[in-house]
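Ready for some practice in reading a protein model? Work through each exercise on your own before you look at the solution.

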Amino acid sequence: MARQSEPRVTLILGGARSGKSRHGESLIAALPPPWIYVATAEAWDEEMRARIAEHRARRDARWQTVEAPLDLPGALQAAGEAPVLVDCLTLWLTNLMLGEQDTVAAAESLLAALETRTAATVLVANEVGLGIVPEHRLGRDFRDQAGLLHQRIAARADRVLFMVAGLPMVVK
């Protein structure tokens with residue numbers, strides 16, 4: 001359960017290799033274990049398998065990994081009172097879009113799951129709206145949907161951080 005002084009929902013945004021995951025891990029690790037790491041990535045190639053292995057190597061036995069490439073709301077509901085780190089919303093959205101899932105309904109389910117959780121929940125996401133306008137329609141749609149998802153979660157979050165070069169900037 002989140003302590004009175006701890007934010008219940010934290011959103012961490014930032015660019016690639018900005019330190020989002022590592023900072024999210026440190027926020028959860030400051031709470032009593034056990035901790036749950038909800039992984040949304042799927043290992044489609046060797047490079048992604050290496051990234052996943054790097055993330056796993058940072059976590060000790062107090063972390064339980066739950067793989068949820070599509071059913072993130074279900075994973076949050078199943079976590080009970082354990083502190084949870086979700087890494088990451090961007091890959092979750094990618095999986096939904098590539099699987100031709102209803103992203104609006106999925107976002108609604110995620111928000112409902114966050115509302116019912118009383119334990120600390122840290123969500124990591126890539127900020128994809130700071131670059132150029134994507135050349136292809138799918139890229140533009142992804143950027144737009146990610147931005148809207150982040151806005152909805154940030155509006156309900158107790159704390160929002162933006163990571164730059166490994167340093168957290170408090171947004172909310």
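Contact here means heavy atoms within 4.5 Å. This is a predicted model, where local features need pLDDT of at least 70 and side-chain atom pairs count only at pLDDT 80 or more, while totals for chains, interfaces and linings use all residues. Residues are numbered from 1 along each chain as its sequence is written, and side-chain values use heavy atoms, with hydrogens and water left out.

**Exercise 1. Find out where R117 sits and what R117 is in contact with.**

Step 1: Locate R117. You'll find R117 in the loop between α5 (103-116) and β5 (121-126). (Helices are DSSP runs of H or I with at least four residues, strands are runs of E with at least two, and both are numbered from the N terminus.)

Step 2: Check the accessibility. R117 has 4% relative accessibility, so R117 counts as buried. (Buried means under 20% relative accessible area, exposed over 50%, and partly exposed in between, with a 1.4 Å probe and protein chains only.)

Step 3: List the contacts. Skipping neighbours within four places in sequence, R117 is in contact with R8, L76, A79, G80, A82, P83 and V84. A polar atom of the R117 side chain lies 3.0 Å from the backbone oxygen of G80. As for A82, its C-alpha atom is 9.7 Å from that of R117, although the two are 35 residues apart along the chain.

**Exercise 2. Which aromatic cluster do W35, Y37 and W63 belong to, and how do the rings pair?**

Step 1: Get the rule straight. Rings of Phe, Tyr and Trp (its six-membered ring) pair if their centres lie within 6.5 Å; planes under 30 degrees apart are stacked, over 60 edge-to-face, and the rest tilted. That rule gives 2 aromatic pairs.

Step 2: Take W35 and W63. Their ring centres are 5.2 Å apart and their planes meet at 55 degrees, so this pair is tilted. W35 belongs to strand β2 (residues 35-39) and W63 to strand β3 (residues 63-67), 28 residues apart.

Step 3: Now Y37 and W63. This pair is edge-to-face, with 6.2 Å centre to centre and 75 degrees between the planes. Y37 is in strand β2 and W63 in strand β3, so the pair ties together parts 26 residues apart in sequence.

Step 4: Put the pairs together. W35, Y37 and W63 form one aromatic cluster. Y37 is buried at 4% relative accessible area, and W63 is buried too, at 12%.

**Exercise 3. Work out what the salt bridge between R58 and E25 ties together.**

Step 1: Apply the definition. A salt bridge is a side-chain nitrogen of Lys or Arg within 4 Å of a carboxyl oxygen of Asp or Glu. The count comes to 9 salt bridges.

Step 2: Look at the pair. R58 and E25 meet at 3.0 Å, N to O. R58 lies in the loop between α2 (46-57) and β3, and E25 in helix α1, so the bridge ties together parts 33 residues apart in sequence.

Step 3: Compare the surroundings. R58 is partly exposed at 25% relative accessible area, whereas E25 is buried at 7%.

Step 4: Try another bridge. R56 and E67 meet at 2.8 Å, N to O. This pair links R56 in helix α2 with E67 in strand β3, 11 residues apart. R56 is partly exposed at 40%, while E67 is exposed at 56%.

Definitions and conventions. A polar contact is a pair of N or O atoms within 3.5 Å; within protein, one must be able to donate a hydrogen and the other to accept it, and residues adjacent in sequence count only if both atoms are side-chain atoms.
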